[in-house]
Amino acid sequence: MKDVREAVREFYTSAAETPKQGLCCPTAYDSEDTAHIPKDALQRAYGCGSPVSSAGLKKGEVVLDLGSGSGVDCFIASKKVGKEGRVIGVDMTDKMIELAEGYLEKVAENLGYRNVEFKKGYLEEIPLEDESVDVVISNCVINLSSDKERVMQEVYRVLKHRGRFCIADIVSEKDVPQSVRENPTLWGECIGGAIKEEDFINIARSAGAYGINIKSRTFYREVEGVRFNSVIITGYKFIKGKECVYRGHYAIYNGPFRSVRDDDGHEYPAGVPVEICTDTLEKLTNPPYAGMFTIITAEGETVVRGCVDETEGCC
Ligand SMILES: C[S@@+](CC[C@H](N)C(=O)[O-])C[C@H]1O[C@@H](n2cnc3c(N)ncnc32)[C@H](O)[C@@H]1O
């Protein structure tokens, strides 16, 4: 882990000093989202997607950006969550933290408020309290860690109940050959440390996340016969209630599949009322499942709750 970190830090110290064109996949941000951000910061953005645009951020939310680099995603989030929200960027590279902090004043002046801070730290030891964050975003960073299990456990730890993550990262379609893994340049370019998409999903699920969804998948590069894609992956945290009970609530899956199974193993054949506990009631009536089920409550009320738009957090 120490060697990987040192090689990655060296790589991104140099990328902070001099823009590296074409590093990761250049991300097209909505110009309205970036109008308040200095051009210099945008030239040093090394993401592979736009998780901050897909995260359905709401006013007042607390957002954590893991591997914040020059701060672009933090500054976009700053505008989206408004002055009542808060954004924290974490990065291990001094030069990146210095760079991002250097833009804080200009961004605050352009927005008329300041709600962003940058902290030096590791993805594997996030310098934040348990259950302190509504949304974790990360843009092309987790592939760079040699301990992705630990990173996802940390993401889960800092999320609040019903918090969510929205992560853009590079994944491979096949196992990555050892020669690619051991090439420090390819590791720095977000190739050497990439894992298969299914492995990423399994790691997130093992950390406790549910409702995991691949929102987009775009081809990035082919190296030694292996195709690498950029994906945006989302997932949720749920802390089970101490008093989860069956009270006579039922869920009817609305289709279009014949049947679905949730992360807790409950089966829902389409059109069939299935009795659910109070925790499941809470899960099925909120993102990402809201709108997929008709709920018949114990009181006989019928609820079809759907996501109205992105502001409901249906990232
Ligand atoms: C590919 S850049 C992406 C930066 C930013 N997210 C963006 O979209 O421009 C990766 C960043 O993650 C940071 N990083 C890599 N591994 C890290 C780790 N284990 N802990 C903290 N930061 C890390 C690097 O210092 C670098 O700034």
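Trainee: How many bridges join strand β7 to strand β8, and do the strands run parallel or antiparallel?

Mentor: In this predicted model, β7 (residues 210-223) and β8 (residues 226-236) run antiparallel and are joined by 10 bridges. To read such a pair, look across from one strand to the other. N213, for instance, stands opposite T234 in β8.

Trainee: What should I look for at the turn of the hairpin of β7 and β8?

Mentor: Check the backbone angles there. The hairpin has 2 residues between the strands, and E224 takes a positive phi near 45°.

Trainee: What do side chains do along a regular strand?

Mentor: In a regular strand, side chains alternate between the two faces of the sheet.

Trainee: Which strand gives the most to the largest nonpolar core, and how many residues does that core have?

Mentor: The largest nonpolar core has 74 residues. Within this core, V63, A77, V136, I137, V155 and I170 have the most contacts. Strand β5 (residues 159-172) gives the most to the core, with 7 residues. There is also a second, separate core of 8 residues, including A251, Y268, I276 and Y289.

Trainee: With which residues is V63 in contact, leaving aside its neighbours within four places in sequence?

Mentor: V63 is in contact with L57, A77, V81, G85, V87, D134, V135 and I137, once neighbours within four places in sequence are left aside. Two of these, A77 and I137, are also on the list of residues with the most contacts inside the largest core.

Trainee: Is E17 buried or exposed?

Mentor: Count the C-beta atoms around the residue. E17 is exposed because 11 other C-beta atoms lie within 10 Å, and the cut-off for exposed is 12 or fewer. E17 lies in helix α1. As for its distance from G49, the two are 32 residues apart in sequence and 22 Å apart in space, C-alpha to C-alpha.

Trainee: How many residues surround the ligand, and which are the closest?

Mentor: The ligand is surrounded by 26 residues, of which G47, G67, G69, M92 and T93 are the closest. By type, the shell divides into 14 nonpolar, 8 polar and 4 charged residues. Helices α1 (2-17) and α5 (72-81) each supply at least two residues of this shell, and α1 has the largest share, with 3 residues.

Trainee: Where do the domains of the chain lie, and how far apart are their centres?

Mentor: The domain assignment gives domain 1 (2-236) and domain 2 (246-312). Their C-alpha centres lie 32 Å apart.

Technical notes:
Residues are numbered from 1 along each chain as its sequence is written. This is a predicted model: local features need pLDDT of at least 70, side-chain atom pairs count only at pLDDT 80 or more; totals for chains, interfaces and linings use all residues. Domain bounds come from an automatic or database domain assignment. A residue is near a molecule or strand if its C-beta atom, placed from the backbone, lies within 6 Å of it. Helices (H or I, at least four residues) and strands (E, at least two) are DSSP runs, numbered from the N terminus. Ala, Val, Leu, Ile, Met, Phe, Trp, Tyr, Cys and Pro count as nonpolar, Asp, Glu, Lys and Arg as charged, and the others, Gly among them, as polar. A nonpolar core is a set of buried Ala, Val, Leu, Ile, Met, Phe, Trp, Tyr and Cys residues joined through C-beta atoms within 7 Å. A residue is buried if 20 or more other C-beta atoms lie within 10 Å of its own, exposed if 12 or fewer, and partly exposed in between; C-beta atoms are placed from the backbone. Two residues are in contact if their C-beta atoms, placed from the backbone, lie within 7 Å. Two strands pair if DSSP finds at least two bridges between them.
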